[in-house]
Amino acid sequence: MLALAPDTLIMAALTIPIIGALLIPLFHNAPNARESVTLITAGALALTVWSLLPHVLAGARPAAIDLAVVPGLNIAFQVEPLGMLFALVAATLWLVTSVYSIGYMRGNDEPRQTSFYVCFAIALWATMGIAFAKNLFTLFIFYEILTLSTYPLVAHKANAEAIRAGRIYLLILIGTSMVLLLPAIAWTWVLSGTLDFIPGGILKDKATPFALCALLALFAFGIGKAALMPLHFWLPAAMVAPTPVSALLHAVAVVKAGVFTILKVIVYTFGIETLAYAGSGGWLVYAAGFTIIAASLVALRKDNLKARLAYSTVSQLSYVILAAAILAPISAVGAAMHIAAHAVSKITLFFAAGSIYTAAHKTEISELAGIGRRMPWTMGAFTIGAISMIGLPPTAGFLGKWFMLSGAMQTGQWLPIAIIVASTLLNAAYFLPIVYTAFFEREPAAHAVGADAARDHGEAPLPIVIALTFTAAATVGLFLFPEVPLALAKLMAGV
Amino acid sequence: MSAITAQLPGLQVVVPLLGAIIAAFMRRGTLAWAWATLITAFTPIIAFALLFQVWSNGPISYHMGGWPPPIGIEYRVDLLNAFVLVLVSLVSTIMMPYARRSVAHEIDGDKQAWFYAMYLLCLAGLLGIAITGDAFNAFVFLEISSLSTYVMIAMGRDRRALVASYQYLILGTIGATFYVIGVGLLYLVTGSLNFADIAARLGEASAAFPRPVLAGLAFLFVGISLKLALFPLHLWLPNAYAYAPSFATAFLAATATKVAVYLFLRIAFSIYGVALDLKALPVSTVLYPLSIAAMFIASILAVYEQNLKRMLAYSSVAQIGYITLGIALMNQAGLTGGIVHLFNHALIKGALFLALGAVMYRAGTVKLDDLGGIGRTMPLTFAAFVLAGMSLMGVPGTAGFISKYYLIVGALDAGKWPVAFLIVASSLIALLYIGRAVEVAYFRPVSKAVAHAKDPPLMMLVPMLALTFASVYFGIDTELSAGVASRIAELLIGGLK
């Protein structure tokens, strides 16, 4: 695609969203021009990031900027396979979400749309910074920017509930990162004298197994965006945000930044072998396993569609943590694959939820009887997303689970296998009833709910349908053509 | 030219001192402001020239009136006080354009010239404390700066300013008395008032009279702690900052406590530390609990404060706790953290108080409940408030983070990981009080008081944005802040016995 030098491409990826964020307010009074800026920015970013891919696949690890803030703390960027994968997912889905947002924000007459798009662009900028960070310090900077830039989006509605959700969001995410993650980073620096991400890790022979265990705990809980229980409740609270925010940020950028960081820390800071040899990662299997099962059980009981999706996200995020905690290279491949697979599937589900809200103003699952016939595209896409969540072929969700199970079997760990099997059943138990209700139950007769004009609806606005069809297709496409993410995942794990 | 260069240390104080006297003869406020701005603008030029000389040639010794020390007063400039001189003079210069509108808004026309005279006198006093190498001369400058500060506070529009000023007068006088008793004790046992001279003789004197030497330290410690508002001697500060004219608050918050911290460092490290084993003296033992108490208690008080100026005042007390914690750690990283926070906090609090001054100028109130929706009516002002607030919280990529990082590494280096944990835990409280203001400013409907408010005029806006920019910029380029601070820490620790 773009035949630019790789370091130029990195610089471009790190400046394009900011330029967008600066340009959007200029068109405050011209919504069409404003949305064009968002679309062009998102398109340019996606093009830039995809152009980096051939370099990384060819084995290059392009770097850009290396600015020493104080000795030992450098702002530096380098693209490695896992970061490449994360950036591809985020940048591509931003473009899709931008199309979707236009339909959603206009369809629902949301206030303050300009600041909405500005914060969105800044959040994507931070995501690029996280994906391309060369060391823990740089990653930490953008991790915090991501929290701060998404806070206004969570509190967007500015009613009591949204403000309360915003408080929880800030307190948990900033709190965990300051109180646990920052000391973890400082401790890593004191132990190893570097914060760089290096294949094989930087902590070999630097700390006792107990210290490694404590450090891993600081990281695992300090990275609050990964929503490991009991620090998960910011995520369901954040669902008061407009649906595009839930879709891209709380199913893709923010939470994936969390599990991405955990995976990156385990692979490039600790080193899979160092952790496996010291036996310091065993407890993480239990913590992640507990989160998977407990969150699924909570999801079963939620009638609010977005809340159920949120708990499903909490559960699915811990798949990635579990896969990383198995500490087998092949399951690390599964973790990376699941980041991509869950992203496209969960965004589809959220798009569908937003589509239903926009067209039918319904938020509860019990209200959805027969809606599949009114909104076939939306519910069709929803079904594909749900199948992927359960992890059945022919959808992307199957791939990640397959590699996780392979890794667990190779290393003879039966607990993770049991957890994955049990949660698959639970996933089916809370997703299939929605599909059944939507397609096979009869819509209640008009007089039962009181006849009103809003009930008589068809599909959501076209941009929304386009976006969710695309991501549903991608969910299947990723299963049929998994070459790119698989190649990147294998490069990362070194298998 | 070289004749002037040689006189720079003297000019550093003499220029604002004489400027103050001339300003007192002026009648028109605007003229006095222009004069004060001109005078202030000279001081950073001198300070930078001194810093440059010290950086390349080592410490400067200047004999006031040509009398050699220890008979005469010596002005001694090394890296530490050159750094403080640059900080104080530069921040004041950046703030001066802001003063005109803000002062004209809050102080009656016939008193404005007096205000500028007092401001210049205070500046001269602060620069004097920072530059002198004589313990008694430092006392004189301490009193000059304090007396002028009392007057400035009393000029606040709110009538409670008078009480606040009186409160500070009482406590400040007690502090100064303690300081002068400490100096007296040192004079008694060493027979000298010159810092370097005292340091040279103190070891011997301590062997002969251990108790007066220790008592002297206690008096100096308490006296200076009152000036720098070390918890629990901070009681004068919240009211003084809350009711003083907005410009005076910003100026004092950025400079006055910082100079007091400097004096503390000078006496602890350049006098007691050179002559005796500083780590064996009960300095850290007292500083640790007080610093940590300041970090937590003052921060929590800030969370419950309705008046935003008072909220930031409590926050200042907490932030001073970080600075003294860095001093208590007494290792390279910790001391660097303390000194660099002295610099960073001056910029951050300067920016925050200027933003509040602008709110006062447009909305006439800084009560949180009256300020609903002000983020939308004064977008630039509140953007500055939020950015500087993030730096205060220590968000990475801002100046505040650099301070915290050095302090954490210092605590870990000292093997005190609970202290490291307390540092991060307390900085979370800053999120609460800044976040509370952000919620009101952006998510509440626009209230009556701020409905017609808009960003202040350019002369006020530019200094505010400049300091805000600096409080972020020094999180990325730290050569002038952490670089110099680290060198100072090296010198101070290297000089310890």
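## A starting point in chain A

A:Ala341 sits in helix 13 (residues 329–360) of chain A; helices here are DSSP runs of H or I with at least four residues, strands are runs of E with at least two, and both are numbered from the N terminus. This is a predicted model, in which local features need pLDDT of at least 70 and side-chain atom pairs count only at pLDDT 80 or more, while totals for chains, interfaces and linings use all residues. Residues are numbered from 1 along each chain as its sequence is written, and chains are lettered from A and ligands numbered from 1 in the order in which they are written.

With 30 other C-beta atoms within 10 Å, A:Ala341 is buried (20 or more such atoms make a residue buried, 12 or fewer make it exposed, and anything in between is partly exposed, with C-beta atoms placed from the backbone). Setting aside neighbours within four places in sequence, A:Ala341 is in contact with A:Ser388, A:Ala396, A:Gly397, A:Leu399, A:Gly400 and A:Leu478; contact here requires C-beta atoms, placed from the backbone, to lie within 7 Å. A:Asn32 is 309 residues from A:Ala341 in sequence, and their C-alpha atoms are 33 Å apart in space.

## Chain A as a whole

Chain A holds 20 helices and two strands. Its C-alpha atoms fill a box of roughly 70 × 55 × 45 Å along the principal axes. For 495 residues, a compact globule would have a radius of gyration near 23 Å, and the 21 Å of chain A agrees with that (the radius is taken over C-alpha atoms, and the globule rule is 2.2 Å times the number of residues to the power 0.38). Buried residues account for 61% of the 495 in chain A. Of the contacts in chain A with a separation of 6 or more, 81% join residues 24 or more positions apart.

A word on confidence: chain A averages a pLDDT of 85, and 97% of its residues score at least 70, where pLDDT is the predictor's confidence in each residue, from 0 to 100. Within chain A, confidence is lowest in helix 18 (residues 446–449), at a mean of 52, and highest in helix 5 (residues 136–154), at 91. Where pLDDT is low, the predicted coordinates should not be read in detail.

## Chain B as a whole

Turning to the partner, chain B has 20 helices and two strands. The box filled by the C-alpha atoms of chain B is roughly 70 × 55 × 40 Å along the principal axes. Chain B has a radius of gyration of 21 Å, which agrees with the value near 23 Å for a compact globule of 497 residues. In chain B, 64% of the 497 residues are buried, and 80% of the contacts between residues at least 6 apart in sequence join residues at least 24 apart. The mean pLDDT of chain B is 91, with 100% of its residues at 70 or more.

For a close look at one residue, try B:Tyr272 in helix 11 (residues 246–275) of chain B. B:Tyr272 is buried, with 26 other C-beta atoms within 10 Å. Beyond its neighbours within four places in sequence, B:Tyr272 is in contact with B:Leu217, B:Ile267, B:Leu278 and B:Leu281. B:Gly203 is 69 residues from B:Tyr272 in sequence and 8.6 Å from it in space, C-alpha to C-alpha.

## Two helix pairs in chain B

Helix 13 (residues 308–329) and helix 14 (residues 332–363) of chain B pack at an angle of about 170°, with axes 7 Å apart; axes are lines fitted to C-alpha atoms, for helices over the stretch in contact, and angles run from 0 to 180 degrees between N-to-C directions. Helix 13 and helix 14 of chain B are therefore roughly antiparallel (over 145 degrees; under 35 is roughly parallel, 65 to 115 roughly perpendicular and the rest oblique). The contact includes B:Leu312 and B:Tyr322 of helix 13 of chain B, and B:His341 and B:Phe353 of helix 14 of chain B. By class, this contact of helix 13 with helix 14 of chain B has 12 nonpolar, eight polar and two charged residues; Ala, Val, Leu, Ile, Met, Phe, Trp, Tyr, Cys and Pro count as nonpolar, Asp, Glu, Lys and Arg as charged, and the others, Gly among them, as polar.

Helix 4 (residues 79–106) and helix 5 (residues 112–131) of chain B also pack at about 170°, with axes 10 Å apart. Helix 4 and helix 5 of chain B are therefore roughly antiparallel to each other. Among the residues that meet are B:Val84 and B:Val88 in helix 4 of chain B, and B:Phe115 and B:Leu123 in helix 5 of chain B. The classes in the contact of helix 4 with helix 5 of chain B are 11 nonpolar, four polar and no charged residues.

## Where the chains meet

The contact between the chains takes 20 residues from chain B and 18 from chain A. On the side of chain B that touches chain A, helix 17 (399–413) and helix 18 (417–443) of chain B each supply at least two residues. The largest share of that side, 10 residues, comes from helix 18 of chain B. The residues on the side of chain B that touches chain A divide into 15 nonpolar, four polar and one charged. For the complex, the predictor gives an ipTM of 0.85 and a pTM of 0.89.

Key:
Two residues are in contact if their C-beta atoms, placed from the backbone, lie within 7 Å.
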